Amino acid sequence: MKQEKENFFSEPISRRDVLKLTGVGGLGLMLGTSGTWLASKTLLAKPQDRANIVPFHGEHQAGIITPAQDFVCFAALDIVTSKLSDIKELFRVWTDAAARMSTGQTAGDESGEALLPPTDTGEVVGLSASRLTITFGAGSTLFQKEGIDRFGIASKRPSKLIDLPLFSGDNLQSEWCGGDLCIQACADDPQVAFHAVRNLIRIGRGFVTVKWMQSGFQRTSQSDPKKGTPRNLLGFKDGTANPNVHDVQKMNQVVWSQTSDQTPWMVKGSYMVVRRVQFRVEAWDRTNLQEEESIFGRHRQSGAPLGMKGEFDKLDLEKKNPDGTYVIPEDSHVRLARGNGKAEILRRSYSYTNGLLDKTGQIDAGLLFICFQRDPKRQFVPMQTRLANSDRLNEYIVHVGSAVFACFPGAKKGGYIGGTLF
Ligand code: HEM
């Protein structure tokens, strides 16, 4: 498959060669355009930085039950090649580059050729791995787009990889929706997270285009060394009632796809739902504290359920006020989100700000809501249906973006992400 020269290389070169050049494929060396083998010049993490490394390889992908890092850079991509073999090759190269970057190395070895653009974009040189995790997922359009089985894998689409229904109040904008693939890079440094996505996109040039991209943040470990529950931009602790990621049984029950879920290639993977939720900050900022607290059903300062003292005190949905009303209001976010408590999700969201919404001076800020589960239809959908219909918070938020991705199982050393599918 010979293509026109890529603009960042000085000589005519095939796309597959670009993949070879930018990838490292366990070679430890790379082939330059001149055809000579070049010595490895990787930037290895210093010993003191190793604590900042989250292993890339494993039975599950990192970045799902990994305790949330401070920053995210999220990209949804569309595939522009028509060949499954190209996608497979791309995932092999991505896997190698992602594994390297997760250890604080650059995406690929440098050629040493001053007349070639460097293999890596360079902004992480000298920085630690910063607990970087890179998580890859596949959207339903990878399997079938506009009724067409583009890559001959339509039959492999997992039944759990649903297209979400339109929920009440949704104001979805196509520029924040969908994507054939996704890359979620999380790190304790925004530059490290961005670098990872940027270099993976660069490697994929000619095969994928970026459909949408959103960065996000939580409080940093520096500003909160105790690593308490982060607050969202409405000022409330967000993540308190998440299931315990250290409870293996719970994670198998809530997050990880199992053999009984009937998609063998997804076993030990997970389904991600992403919603870009815009806040009406100006309206929220005029709301009194009592109202804010009854909207969530929790106290703002402590994060405790209404009427309780501690953040992790029991959320008692039966408790009533002397006038017979519920202490946790019927239309409060936590009551509706919990429902009967049987269906849970693992939330891993990040706040975002994107300058101004329009010329009226309204701030574009919100939550990049990200959650993981075994079955969005059984877990996310009923929850979001209740919230969309009755949550008092709806007055202050609007869902503008949406996507669902099947996040592959992890890759063993020598294997590659997506190997079970491709
Ligand atoms: C603008 C969007 C949202 C904001 C600002 C928000 C904020 C919050 C806050 C402050 C809490 C209480 C603390 C906690 O347990 O983490 C909470 C709980 C929760 N939220 Fe949200 N949330 C949003 C959207 C959603 C969505 C879309 C879902 C799922 C469909 C969801 C599901 C949950 C769940 C399951 C809980 C825990 C309920 C329990 O106590 O069992 N949230 N959220």
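Buried means under 20% relative accessible area, exposed means over 50%, and partly exposed lies in between (1.4 Å probe, protein chains only). The model is predicted: local features need pLDDT of at least 70, side-chain atom pairs count only at pLDDT 80 or more, and totals for chains, interfaces and linings use all residues. Residues are numbered from 1 along each chain as its sequence is written, and side-chain values use heavy atoms, with hydrogens and water left out.

**Exercise 1. Find the protein donor of the iron atom of the ligand, and place it in the fold.**

Step 1. Look for donors, that is N, O and S atoms within 2.8 Å of the metal (3.2 Å for Na, K and Ca); water is not among the atoms, so sites may look incomplete. The only protein donor is His333, through NE2 at 2.1 Å.

Step 2. Now place the residue: His333 belongs to helix H7 (residues 333-338). Helices (H or I, at least four residues) and strands (E, at least two) are DSSP runs, numbered from the N terminus.

**Exercise 2. Work out how strand S7 (residues 270-279) is enclosed and which strands pair with it.**

Step 1. Start with burial: 10 of the 10 residues of S7 are buried, so the strand is largely enclosed by the rest of the structure.

Step 2. Take the faces in turn. In a regular strand the side chains alternate between the two faces of the sheet. On one side of S7 sit Ser270, Met272, Val274, Arg276 and Gln278, on the other Tyr271, Val273, Arg275, Val277 and Phe279, and all are buried.

Step 3. Turn to the partners; two strands pair if DSSP finds at least two bridges between them. S7 runs antiparallel to S11 (residues 397-407), with 10 bridges, and Arg276 has Gly401 as its bridge partner there. S7 is also antiparallel to S10 (residues 363-373), with 8 bridges, where Val273 stands opposite Cys371.

**Exercise 3. Trace three salt bridges and the parts of the chain that they link.**

Step 1. Apply the rule: a side-chain nitrogen of Lys or Arg within 4 Å of a carboxyl oxygen of Asp or Glu. The count comes to 19 salt bridges.

Step 2. Glu59 and Lys268 form one of them, at 3.6 Å from N to O. Glu59 is in the loop between S2 (37-38) and S3 (71-79) and Lys268 in the loop between H4 (248-254) and S7, so the pair ties together parts 209 residues apart in sequence. Glu59 is partly exposed at 48% relative accessible area, and Lys268 is partly exposed at 33%.

Step 3. Asp180 and Lys145 form another, with the closest N and O atoms 3.5 Å apart. Asp180 and Lys145 both lie in the loop between S4 and S5 (181-187), so the pair ties together parts that are 35 residues apart in sequence. Asp180 is buried at 0% relative accessibility, whereas Lys145 is partly exposed at 25%.

Step 4. The side chains of Lys237 and Glu311 also meet in a salt bridge, at 3.5 Å from N to O. This pair links distant parts of the chain, 74 residues apart: Lys237 is in the loop between S6 (208-217) and H4, and Glu311 in the loop between H6 (289-296) and H7. Lys237 is partly exposed, at 22% relative accessible area, while Glu311 counts as buried at 12%.

Step 5. Finish with shared partners: salt bridges join Asp78, Lys145, Arg150 and Asp180 into one network.
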